[in-house]
Amino acid sequence: MMPPFLTAFPRRVAVLNPTGRYAARQVAGMREAGTPVVAGIALGRGGGTLDGLPILDSLSELPERPDAAVLYTPPEGTGDAIRQCAAARIPTILAAAEYVPVHDALRAAAAAREAGCWLIGPNTLGLCLPEVGLLGSIAPSFCCPGRVALLGRSGTLTLTVARLLTAAGIGQRAVIHMGGDAAIGRNPHDYLAAFAADPDTTAVLYCGEIGGDKEYALAEAIPRCGKPVVAMIAGRHAPADRQMGHAGALIGSEREGAAAKLAALREAGAHVARTPYEAMGILKELGCG
Amino acid sequence: MRLTEAEGKALLRRHGISVPRGLLLSASGDAPPPPEVADWSGLVLKAQLVEGGRGKRGLVRRVAPNELAAAHRAMATIASDAGFLLEEAVDISRELYLALRLDCTRQGIELLLATEGGVEVEQTSALLRLPLDPEAPGAAETVFHALRGRLPPDLAARLAREAVRLARVMIEEDLELLEINPLAVTGEGRLVACDAKLVRDDAAAFRHDEAAMAESARLEERALTPLERRARQQDFTLVEMPGDVALVTAGAGLGMLMMDLLADHDLAAACFMDNRRGGPTDTTEARLEAAFELAARPEVKAILFYTTLASRPLADRVEGLLAFLARRPAPKPIFAGFAAAHTATRGFDVEAARERLAAAGIAALQEDPLTLVRAVAASVRPGAPA
């Protein structure tokens, strides 16, 4: 399946729970970047405005179905909010909250998938298609247009790498923070399949991390990709059995460590890099930038 | 959070899962066997630690009533801070292994089964693995079919039903892992969970009874260093590690990248930091406080502060850092870096900030993580290759 935002960037974006301090700042950033935010949805605040943005009590009050929903709903309500958006068949759903209970996230991810929606997150900073559009809070000034699809599991690392790529003159087709939690809507291999089919993408840069086994599914998908995949894993020197921040990053077994993941990705045909700097060198050798 | 065996079994019992009769002993090892155990067929004493390998450490023992006090005392010398669970010994005719884990890549629960229980069972090639959605129609039949030929039909059917029941418990109780090893088949053919390893999703702790996992929380807390414990109270995560650079970052991926870059330069981060609940809470000052405390140790040679700001104002970070430094001089050289987006620097004079930070003793102010790490390396290990 092709992510809907890749074929046609959303033109009617609804933001759920936009009024908190963090959310309001992200909404302002999106609107400044030109994201067509049509309304905020906040139960009990209908009829009000947020810096001129109309606030409604419910998605159902929108005259036209939005083609993207950005959720700043608190973690305990995020699962329900995703399922509500899936039931409304909103093609792109982006859930920002960290610490969504994992069973809520799994249920919501299944609902979104069954409804044919593309769920980014939970625990995501969002995505930026340079000079096309922004959903969430990937700083557009960190990005520049090009043909590399950057996929990250950690928000701050995705931002950092985007910025380094831009500084090195390596433009991006997309910068996507897929989500830092163990259970997210679409996994790296889903994105890889999409970018393999995307005519505007030349290469994929994957920034993974320790914990979980998403990189093994990614490795299985690499031979079918047909485009160069450059991969790095953060946490090469992380101690085992300690949770390194967000819920995805914990080495539960040797298989979940950076060395094993890098070996599997290399075996699958990825160009493996230890650092973003090595990755940039490889991308340049591949003619990207 | 990993639950103690006793709290895990209490949870299972609440859901009607069969576990051995048991009771928690008081701290003293001198008490006689409690009266309620008089009709128990045998006694097993188990230290309530969450680490593995209790059996090998002599912390799980079958005892006669007259041996109980001595065994309790002996085990308390090995695990002084542990609680003790006294259980009725189970008449085991066969041991099975059952585990439910989250397969977040396939986005569902995975069932792992072995027809023999045991200590090293997770490594066995005979482990049967299959996805299990307890709400899918015919879920028990699916498991039963997978077990056909491996177990007698009546036992396979019972096990299949138990697996589905446990998968429901897993969802209802927000468990990331539910492992029963051994799952005993008794002489009467009943299934009894003789040991239980349950891990609850911390993100869902708010909707469960705190008191029902108080001992597990105590043990988790006990495993932290004083600095890690204080960080937790201040709403951020700190992982202390042997190292020579106190690292202050925000965001797990960036923190790990900085750790990796330090290690590539023959340096080691003395800590890792991240938000505990994400969102707007600014814990910069508390993080600096912790880093400065670490940096006061002789083995720590420098402080590295690096953050990426997509929209949060750079001014807040810089002013926060300056205010902190005005109150508390850095015990070791401090190296700072910011990667700030356009929106984060709006209305803020970055060059002026650079000068003020330099005047406050910041040894470097670099936007590029690698350049920053190289500056730290040059200071800590002068003459070493960059």
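Colleague: Where in chain A is P122(A) found?

Modeller: In this predicted model, P122(A) sits in the loop between β7 and β8 (126-129) of chain A.

Colleague: What is the peptide bond from G121(A) to P122(A), cis or trans?

Modeller: As a general idea, most peptide bonds are trans, and most residues other than glycine have a negative phi. The bond from G121(A) to P122(A) is cis, with omega near 5°. In chain B, the bond from N181(B) to P182(B) is cis as well, with omega near 5°, and P182(B) lies in strand β8 (residues 175-186) of that chain.

Colleague: What is the sign of phi at Y99(A), positive or negative?

Modeller: Although Y99(A) is not a glycine, its phi is positive, at about 70°, and the residue is located in the loop between β6 (92-95) and α4 of chain A.

Colleague: How many helices and strands are there in chain A, and how should I read the radius of gyration of that chain?

Modeller: Chain A has 9 helices and 14 strands. Its radius of gyration is 18 Å, close to the 19 Å that the globule rule gives for 289 residues, so chain A is as compact as a globular protein of that length. Along the principal axes, its C-alpha atoms fill a box of roughly 55 × 40 × 30 Å.

Colleague: What is the order of the strands in the open sheet of 7 strands?

Modeller: Strands of a sheet pair through backbone hydrogen bonds, and they may do so in parallel or antiparallel fashion. Here the order is β3-β4-β2-β1-β5-β6-β7 in chain A, with mixed pairing; the edge strands, β3 (49-50) and β7 (118-120), each pair on one side only. Strand β1 (residues 13-16) and strand β5 (residues 68-71) run parallel and are joined by 4 bridges, and L16(A) stands opposite L71(A) of β5(A).

Colleague: How many residues of chain A are in contact with chain B, and which of them lose the most area?

Modeller: On the side of chain A, 58 residues are in contact with 59 residues of chain B. Y99(A), H103(A) and Y277(A) lose the most area to chain B, together 15% of what the chain A side buries. The area buried between the two chains is about 4,300 Å², with carbon and sulfur atoms giving 59% of it.

Colleague: How many salt bridges and polar contacts does the rule find across this interface?

Modeller: The rule finds 5 salt bridges and 20 residue pairs in polar contact, both partners at pLDDT 80 or more. By class, the side of chain A that touches chain B has 27 nonpolar, 16 polar and 15 charged residues. The side chains of D104(A) and R207(B) meet in a salt bridge, at 2.7 Å from N to O.

Technical notes. Residues are numbered from 1 along each chain as its sequence is written. Chains are lettered from A and ligands numbered from 1 in the order in which they are written. Side-chain values use heavy atoms; hydrogens and water are left out. Contact means heavy atoms within 4.5 Å. Buried area is the accessible area (1.4 Å probe) that two parts lose on being put together, summed over both. A salt bridge is a side-chain nitrogen of Lys or Arg within 4 Å of a carboxyl oxygen of Asp or Glu. A polar contact is a pair of N or O atoms within 3.5 Å; within protein, one must be able to donate a hydrogen and the other to accept it, and residues adjacent in sequence count only if both atoms are side-chain atoms. Ala, Val, Leu, Ile, Met, Phe, Trp, Tyr, Cys and Pro count as nonpolar, Asp, Glu, Lys and Arg as charged, and the others, Gly among them, as polar. Two strands pair if DSSP finds at least two bridges between them. Helices (H or I, at least four residues) and strands (E, at least two) are DSSP runs, numbered from the N terminus. The radius of gyration is taken over C-alpha atoms; the globule rule is 2.2 Å times the number of residues to the power 0.38.
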